Amino acid sequence: MKVKKSLTLALVGTMLLSGLLAGCGSNNNTNAAKETDSSAAAGNSSGLKPYELKMYLIGGPQKDLDLVLKEVNKYTQEKINATLNITMFDWGDYDKKMQVITASGEPYDIAFTSSWTNDFRRNAANGTFLGLNDLLDKYGKETKEALDPRFLEGTKIKGEIYGVPVNKELGQQWVWRFNKKYVDKYKMDISNIRTLDDLEPLLKTIKENEPADITPLAVPKGFKPFMPFDYVLGDELPIGVYMDSKDGKVVNILETPELATSLDTMRRFYTAGYLRPDVATLDGIDNIKTGKWFADREITQPYAEKGWSRSAGYEIVTSPMHEPYVYTQSAAGSMHAISVTSGDPERAMMFLNLLNTDKYLRNLLNYGIEGTHYKKISDNVIEDLPAMQDSYAMPGFTLGNMYLTYLHSDDPADKWDAFKKFNDSAKEAPTFGFAFDPTPVKTEVAAINNVTKEFMPALYTGSVDPKSYLPKATKKFKEAGLDKVIAEIQKQLDEWNKTKK
């Protein structure tokens with residue numbers, strides 16, 4: 001659930017799995033009276049001056065956003081005497097747009113943020129985002145009660161909460177995904193496929209028996225073999241703590257036997273033709289769309305296979321690589337922050353509390369208007385209408401408490417119960433809750449990021465011989481200041497661990 005491209009892909013996967021939007025119909029006040037839990041309402045508008053909340057969200061443009069906001073604003077005016085003005089920035093533009101807004105000092109109230117976008121921790125530490133402890137206690141009690149406490153722990157810096165997390169999957173678990181067509185064809189048992197070595201004979205079968213355009217292991221340049229590390233700065237950088245660590249020692253992953261073994265295996269896979277020849281330069285791969293693949297990997301969530309299969313148009317099955325873990329980054333995978341420039345942070349928190357506790361509002365913003373964007377099959381089950389995909393396909397995981405959203409007819413009735421069980425089962429990673437301050441080594445962190453981009457895609461995908469290439473990469477990392485960064489992380493981690501005892 002980390003700060004990295006793989007997490008970005010996983011979250012986009014979450015969007016596809018969980019449904020793209022939610023909403024309610026033209027008989028708003030009647031439906032609201034039926035569906036809203038009055039104990040969870042943020043309050044009423046009595047005594048509050050009118051206020052327009054300016055909110056920035058990530059996602060593609062939606063033709064019917066203004067149409068839906070008219071209905072949203074009827075409801076929020078009644079509840080908290082506030083209207084909502086949403087601006088959406090597309091996935092590839094969001095970070096840059098928000099950086100410009102922040103630099104200009106432009107006032108706004110609420111912004112989507114996460115461990116994988118717009119540098120959440122830097123914005124929290126430098127005063128761009130408002131500390132929320134007091135606001136949550138006063139105006140967000142119901143939201144706090146609905147969340148696993150570990151969600152909030154992942155947003156903290158020096159004890160202060162800086163984001164209101166979306167209630168969704170908390171744990172992170174990688175799985176091998178398989179195109180079931182080939183699993184069935186060759187009568188493969190995938191139930192115990194965990195490691196690269198476990199996967200190898202299956203890849204060999206596909207390579208030897210299927211046409212050349214079927215890719216045995218369909219991954220892009222961002223692929224990284226799973227290794228038992230808690231990556232302190234995200235798995236883009238080779239710095240981590242062993243998952244079973246008892247002493248909290250930060251290690252240079254480049255010098256570990258786990259990496260050496262993984263790189264040797266990936267090199268063997270590459271030379272055997274199990275990956276695409278151009279894998280080291282592939283920004284993405286369209287295997288799901290084309291269906292010409294056997295295996296890949298992804299971060300999962302309960303009933304993920306159903307969502308992936310629905311999106312692909314054919315059946316996808318999985319095998320877990322490991323048990324689920326809660327990382328600081330996975331807990332902060334989808335949040336809303338309140339800007340220090342907000343003209344009414346109290347009202348902003350009232351709205352976020354309403355969004356995360358009021359079923360009518362949550363679904364209206366997510367799915368649009370009943371009868372226009374969807375139709376109800378039963379009280380809690382909906383069917384998308386063409387207007388949803390054409391004009392209002394919002395990324396649901398960015399909008400608030402997922403547990404409040406309607407189900408689709410092919411969703412299991414216990415979907416959200418399964419999410420809760422999944423979260424409850426997730427174990428905390430060794431550095432969960434630790435927030436590294438990169439300020440003392442920001443130059444070195446930037447430098448090793450550049451080295452990562454230069455060397456690691458080729459190494460991780462087996463595109464080069466690790467026996468000659470890994471020593472070169474290690475030398476470059478050290479010249480860029482890797483040891484200094486590790487020492488600073490260790491210093492801060494040791495201090496943080498003392499506060500836990």
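This report walks through two helices and their packing, then three loop residues, in a predicted model.

Residues are numbered from 1 along each chain as its sequence is written. Because the model is predicted, local features need pLDDT of at least 70 and side-chain atom pairs count only at pLDDT 80 or more, while totals for chains, interfaces and linings use all residues; side-chain values use heavy atoms, leaving out hydrogens and water.

**Helix α21**

Let us start with α21, which covers residues 482–500 (helices are DSSP runs of H or I with at least four residues, strands are runs of E with at least two, and both are numbered from the N terminus). How far apart should the ends of this helix be? At 1.5 Å a residue, its 19 residues should span 27 Å, and the end C-alpha atoms are indeed 27 Å apart. The expected span is 1.5 Å times one less than the number of residues.

Several residues of α21 are buried, among them Leu482, Val485, Ile489, Leu493 and Trp496. Here buried means under 20% relative accessible area, exposed means over 50%, and partly exposed is in between, using a 1.4 Å probe and protein chains only. An α-helix has 3.6 residues a turn, so residues three or four places apart point the same way. The buried residues of α21 pack against β11 (239–242), β12 (251–252), α19 (442–460) and α20 (466–480).

**The α11 and α20 pair**

Helix α20 also packs with α11 (residues 257–271), at an angle of about 135° and with the axes 11 Å apart. The two are therefore oblique to each other, a class for angles that are not under 35 degrees, over 145, or 65 to 115. On the α11 side, Leu259, Leu263, Asp264 and Arg267 meet Pro466, Lys467 and Leu470 of α20, where contact means heavy atoms within 4.5 Å.

**Three loop residues**

The table places three residues that sit in loops.

| Residue | Loop | Relative accessibility |
|---|---|---|
| Asn81 | α3 (65–80) to β3 (82–89) | 18%, buried |
| Tyr303 | β13 (293–299) to α13 (304–312) | 31%, partly exposed |
| Ser339 | β16 (335–338) to α15 (345–357) | 2%, buried |

Asn81 has a positive phi of about 50° although it is not a glycine. Tyr303, also not a glycine, has a positive phi near 60°.

What does the side chain of Ser339 make a polar contact with? Its partner is the side chain of Thr341, at 2.6 Å. A polar contact is a pair of N or O atoms within 3.5 Å; within protein, one must be able to donate a hydrogen and the other to accept it, and residues adjacent in sequence count only if both atoms are side-chain atoms. Leaving aside neighbours within four places in sequence, Ser339 is in contact with Tyr108, Asp109, Thr128 and Leu130.

Key:
Axes are lines fitted to C-alpha atoms, for helices over the stretch in contact, and angles run from 0 to 180 degrees between N-to-C directions.
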